[in-house]
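Subject: Structure for you to look at

Hello,

Here is the structure I said I would pass on. Please open it beside this email and follow along; my notes come after it.

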Amino acid sequence: MSRFKSDFLRTLDERGFIHQVSDETGLDELFSKEIVTGYIGFDPTAPSLHAGSLIQIMMLHWMQQTGHRPISLMGGGTGMVGDPSFKDEARQLMTIDTIESNIASIKRVFSNYLAYGEGPKDALMINNADWLRSLNYLEFLRDVGRHFSVNRMLSFESVKTRLDREQSLSFLEFNYMILQAYDFVELAKRTGCRLQMGGSDQWGNIVNGIDLGHRMGTPQLFALTSPLLTTSSGAKMGKSATGAVWLNPDMLSAYDFWQYWRNTEDADVPRFLKLYTTLPMDEIAKLSALGGSEINEVKKILATEITAILHGRAAAEEAAETARKTFEEGGLSDNLPSVEVSTADLEAGIGLLSLIVRAGLAGSNGEARRHVQGGAVRINDQAVSDERMTIGTGEITGDGVIKLSLGKKKHILVRPA
């Protein structure tokens, strides 16, 4: 039996999204009696968010599904500073053009999870540059800065960890938590927003906003954070052996995204079904009870359901079918990721190590060499052990491609161009 009355908090609780809540009873009552507006901020540090952000996006999704209004706040203003929370060193500063370009690219993903519009429960996409970039510094210091205690700011865990390591924390970064707190107050005034959500590393920043709101006369504001997730083996969510698991389809194909979730560790399957799919809880309970060889079928369901939300059901099922053909039938599917190599290069012969790097299966010749020496590399399903081998037109199959494989699960089609 859930400790919450409201659909939203009950849903988040049973699915494992809740780490901390600033006032459980007060927030539960608010969600029970009115349509609540809540937000999560996303700083545009890259042209795409990665899978580590999915837990936040799913929280906004469930907020709307249970009848409330979510805001996806783009950090066009805060992105100029960079969040120092739990970072070892300062972020690289970005130009306004880069920030704007990243925001335009990031935005495309959200409409797969949220319905935007003008209605009372329609999601809002807002950019904090709308108010932060035009701030008058002296007025801001007088009206907002005076409410902050440096002593208290220094006590936050995110700041202490940086100072304890004797890593320099610039005045620019120190201002980030003030700007984030001000965002909360500004959204409360503009939209009636009462809740800010984020990962557990954002707790101090969000509580700052609640305190500032109290001092600047907003209604009671609330904080809700989710646990910072790692896989069972301790790996960071959203990172794979070949790099970040991007959400934008132009940066990572639906097939590679599907494969990331198909490779979920056994112990993580029940938890990921709750957090990253919209399957009903009773169905998740049945799937989670399966073990042995059946766990692989559950992983395919997990991968397909997560991919279907982001890339569409057709792309998810196509990815599942591509994997089935490749792994279960030993076949070749046109939907596998591919890399083009000029016909001239193939006629001259290209070094195996260079090809592995060019295909994105290794970051350097040294890493590629280790893969070959470890027996992990295959050409057209035949193991290769000679790191000095050259690949040419003779390896092109009847399908007009060369199949380059690393281990059992990574396959790239080399296409002559």
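Which residue in strand 6 is the bridge partner of Gly198? The partner is Thr225. Please keep in mind that this is a predicted model.

Strand 6 and its neighbours

Gly198 and Thr225 are a good place to start, since they lead to the pairing of two strands. Strand 5, residues 195-199, runs parallel to strand 6, and 5 bridges join them. Between these two strands the chain passes through helix 11, residues 203-215, and the resulting β-α-β crossover is right-handed.

Strand 6 also pairs with strand 1, which covers residues 20-21. This pairing is antiparallel and has 2 bridges. Within it, Val21 is opposite Leu224 of strand 6.

Is strand 6 buried or exposed? Strand 6 spans residues 222-226, and 5 of its 5 residues are buried, so the strand is largely enclosed by the rest of the structure. In a regular strand, side chains alternate between the two faces of the sheet. Here both faces are covered. Phe222, Leu224 and Ser226 are buried on one side, and Ala223 and Thr225 are buried on the other.

Ser226 is worth selecting in your viewer. This residue lies in strand 6. Its relative accessibility is 0%, and buried means under 20%, so Ser226 counts as buried. Leaving aside residues up to four places away in sequence, Ser226 touches Phe17, His19, Ile55, Gln56, Met59, Gly198, Gly199 and Ser200. Gly198, the bridge partner of Thr225, is thus also one of the residues that Ser226 touches.

Helix 11

Now for the helix in the crossover. Helix 11 has 13 residues. From its first C-alpha to its last it reaches 19 Å, close to the 18 Å expected at 1.5 Å a residue. Its buried residues are Gly204, Asn205, Ile206, Val207, Asn208, Gly209, Ile210, Leu212 and Gly213. What covers them includes strand 5 and strand 6, along with helix 7 (150-155) and helix 10 (176-191). Just after helix 11 comes Gly217, with a positive phi of about 85 degrees.

A loop residue

Where is Ala362? Ala362 is in the loop between helix 18 (352-358) and helix 19 (365-373). With a relative accessible area of 9%, Ala362 is buried. Not counting residues up to four places away in sequence, Ala362 touches Ile356, Val357, Glu367, Ala368 and His371. Ala362 and Leu406 are 44 residues apart in sequence, and their C-alpha atoms are 9.4 Å apart in space.

The whole chain

The chain has 19 helices and 15 strands. Its radius of gyration is 24 Å, close to the 22 Å that the globule rule gives for 417 residues, so the chain is as compact as a globular protein of that length. Along the principal axes, the C-alpha atoms fill a box of roughly 75 × 50 × 40 Å.

Of the 417 residues, 49% are buried. Among contacts with a separation of 6 or more, 73% are between residues 24 or more positions apart. The accessible surface of the chain is about 19100 Å², and carbon and sulfur atoms account for 48% of that.

Regards

Definitions and conventions
Residues numbered from 1 in each chain as written. Predicted model: local features only at pLDDT ≥ 70, side-chain atom pairs only at ≥ 80, totals over all residues. Heavy atoms only, no water. Buried < 20%, exposed > 50% of the residue type's maximum accessible area, 1.4 Å probe, protein only. Helix = DSSP H or I, 4+ residues; strand = E, 2+ residues; numbered from the N terminus. Pairing = 2+ DSSP bridges. Right-handed = clockwise from strand over helix to strand, strands pointing away. Rg over C-alpha atoms; globule rule 2.2 N^0.38 Å. Contact = heavy atoms within 4.5 Å. Areas by Shrake-Rupley, 256 points an atom, 1.4 Å probe, with all protein chains shown as cover. Expected span 1.5 Å × (residues − 1).
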